[in-house]
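I opened a new page for this protein and kept the entries in the order of looking things up. The model comes first, then my notes.

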Amino acid sequence: MEKMRLDKYLTQTAGLSRSEAKQYLKKGRVCVDGQIIKKPETKIDAGQAAVTVDGRLCHYEKYTYLMLHKPQGVVSATEDDRERTVLDLIGEPVRGLFPVGRLDKDTEGLLLLTNDGALAHDLLSPKKHVDKCYFAILDGPVGKAEQEAFACGLDIGDEKRTLPAKLVPLPQETAEPGQPQKAESIVDAKRPAQAESVADSEGFGVLITVQEGRFHQIKRMAKAVGREVLYLKRLSMGSLRLDAALRPGEYRPLTEEEIESLKRSRKETAKEE
């Protein structure tokens with residue numbers, strides 16, 4: 001049983017600030033189990049109490065987990081004075097929601113949004129060795145030499161070299177003139193079985209798996225081996241894979257199975273340490 005102040009409960013479930021919650025309470029607009037409550041300090045059972053604001057039922061969840069297919073042109077931030085943020089795409093009030101890591105403005109793909117700080121820390125920490133898999137289109141082919149360079153870690157201008165990463169070239173199919181090529185799926189239980197369309201007929205599709213999230217990391221790693229990234233999309237983070245049914249800009253709550261899988265992998269990593 002989790003006891004919580006009523007005003008705090010309203011900030012987490014009704015999208016109100018603490019001062020707004022107190023005003024709603026003072027005006028008698030909040031009911032708990034059918035009774036009007038005006039004292040903000042009233043303690044309620046957050047998991048059991050039926051709380052309504054102007055007759056609308058507030059649904060309480062300790063933590064929220066949303067899978068977003070981040071589109072290009074949107075920044076991975078909670079707020080920005082000039083740019084549209086990923087939170088602007090979320091059409092429901094969730095206090096404390098933030099993106100787990102960041103994708104560059106021109107990068108699309110999987111982005112987890114949550115208010116579970118402990119889980120976010122474990123997914124982002126390089127010490128936890130959580131795989132992040134990306135599909136990328138490069139401006140030229142890569143082979144064994146580039147793969148070995150990625151596997152050894154690269155100097156991308158930071159104090160430390162990158163952790164070992166995995167670079168997998170994807171087979172290219174001959175495209176008709178003016179038509180995009182197609183990157184075939186790689187059958188591997190550890191990475192999504194997902195075919196991607198290469199937007200540029202001159203591009204070369206690859207899968208890149210890293211365990212860090214440095215600034216512009218994928219682009220800087222590609223540049224370190226003489227290549228430029230033309231297109232970038234994150235496919236997975238740990239056990240979480242981008243839902244192919246989500247179009248850019250769409251999101252959905254994680255399933256119980258997805259949440260448990262993420263938490264289970266976190267516990268397994270902690271044991272290994």
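What share of the contacts with a separation of 6 or more comes from residues 24 or more positions apart? I looked this up for the protein and got 64%. The model is predicted, and I read every entry below with that in mind.

**Overall counts**

I counted the secondary structure next and found six helices and 17 strands. Of the 273 residues, 44% are buried. I noted an exposed area of about 15,000 Å² for the protein, with carbon and sulfur atoms supplying 48% of it.

**Strand β9**

I then turned to β9, which spans residues 108-114. Is this strand enclosed or open? Seven of its seven residues are buried, so I wrote it down as largely enclosed by the rest of the structure.

I went through its pairings in turn. Strand β7, residues 65-70, pairs with β9 in the antiparallel sense over six bridges. In that pairing I found Leu 66 opposite Leu 113 of β9. Strand β8, residues 98-99, is also antiparallel to β9, over two bridges. Here Pro 99 has Leu 113 as its bridge partner. With strand β15, residues 229-237, β9 pairs in the parallel sense, again over two bridges. I noted Glu 108 and its partner Lys 233 in β15 as a bridge there.

**Leu 113 and the cores**

Leu 113 had come up twice, so I listed its contacts, leaving out residues up to four places away in sequence. Among them are Thr 64, Tyr 65, Leu 66 and Leu 68, and also Val 86, Leu 87 and Ile 90. The list further includes Leu 97, Phe 98 and Pro 99.

Which residues have the most contacts inside the largest nonpolar core? I found Leu 113, Phe 150 and Ile 208, in a core of 29 residues. The elements giving two or more residues to this core are β7, β9, β10, β14 (204-210), α5 (217-224) and β15. Apart from this core I found another, of 17 residues, which includes Leu 6, Val 32, Ala 46 and Val 51.

**Aromatic rings**

How many aromatic pairs does the structure hold? I found two. I took down one of them, Phe 135 with Tyr 231: the arrangement is edge-to-face, with 6.2 Å centre to centre and 65 degrees between the planes. Phe 135 lies in strand β10 (residues 132-138) and Tyr 231 in β15, so the pair ties together parts that are 96 residues apart in sequence. I checked burial for both rings' residues. Phe 135 is buried at a relative accessible area of 0%. Tyr 231 is buried as well, at 16%, because the cut-off for buried is under 20%.

I also looked for a charge over a ring. The charged end of Arg 29 sits over the ring of Tyr 24, 3.9 Å from the ring centre.

**Asp 7**

My last entry is on Asp 7, which I placed in helix α1, residues 6-13. Is Asp 7 buried or exposed? I found a relative accessible area of 0%, so Asp 7 is buried. Leaving out residues up to four places away in sequence, Asp 7 touches Arg 18, Ala 21, Lys 22, Leu 25 and Pro 40.

How values were computed
Residues are numbered from 1 along each chain as its sequence is written. This is a predicted model: local features need pLDDT of at least 70, side-chain atom pairs count only at pLDDT 80 or more; totals for chains, interfaces and linings use all residues. Side-chain values use heavy atoms; hydrogens and water are left out. Helices (H or I, at least four residues) and strands (E, at least two) are DSSP runs, numbered from the N terminus. Buried means under 20% relative accessible area, exposed over 50%, partly exposed in between (1.4 Å probe, protein chains only). Contact means heavy atoms within 4.5 Å. Accessible areas come from the Shrake-Rupley method with a 1.4 Å probe; for residues, only the protein chains shown count as cover. Two strands pair if DSSP finds at least two bridges between them. Rings of Phe, Tyr and Trp (its six-membered ring) pair if their centres lie within 6.5 Å; planes under 30 degrees apart count as stacked, over 60 as edge-to-face and the rest as tilted. A charge sits over a ring if NZ of Lys or CZ of Arg is within 6 Å of the ring centre and within 35 degrees of the ring normal. A nonpolar core is a set of buried Ala, Val, Leu, Ile, Met, Phe, Trp, Tyr and Cys residues joined through side-chain atoms within 4.5 Å.
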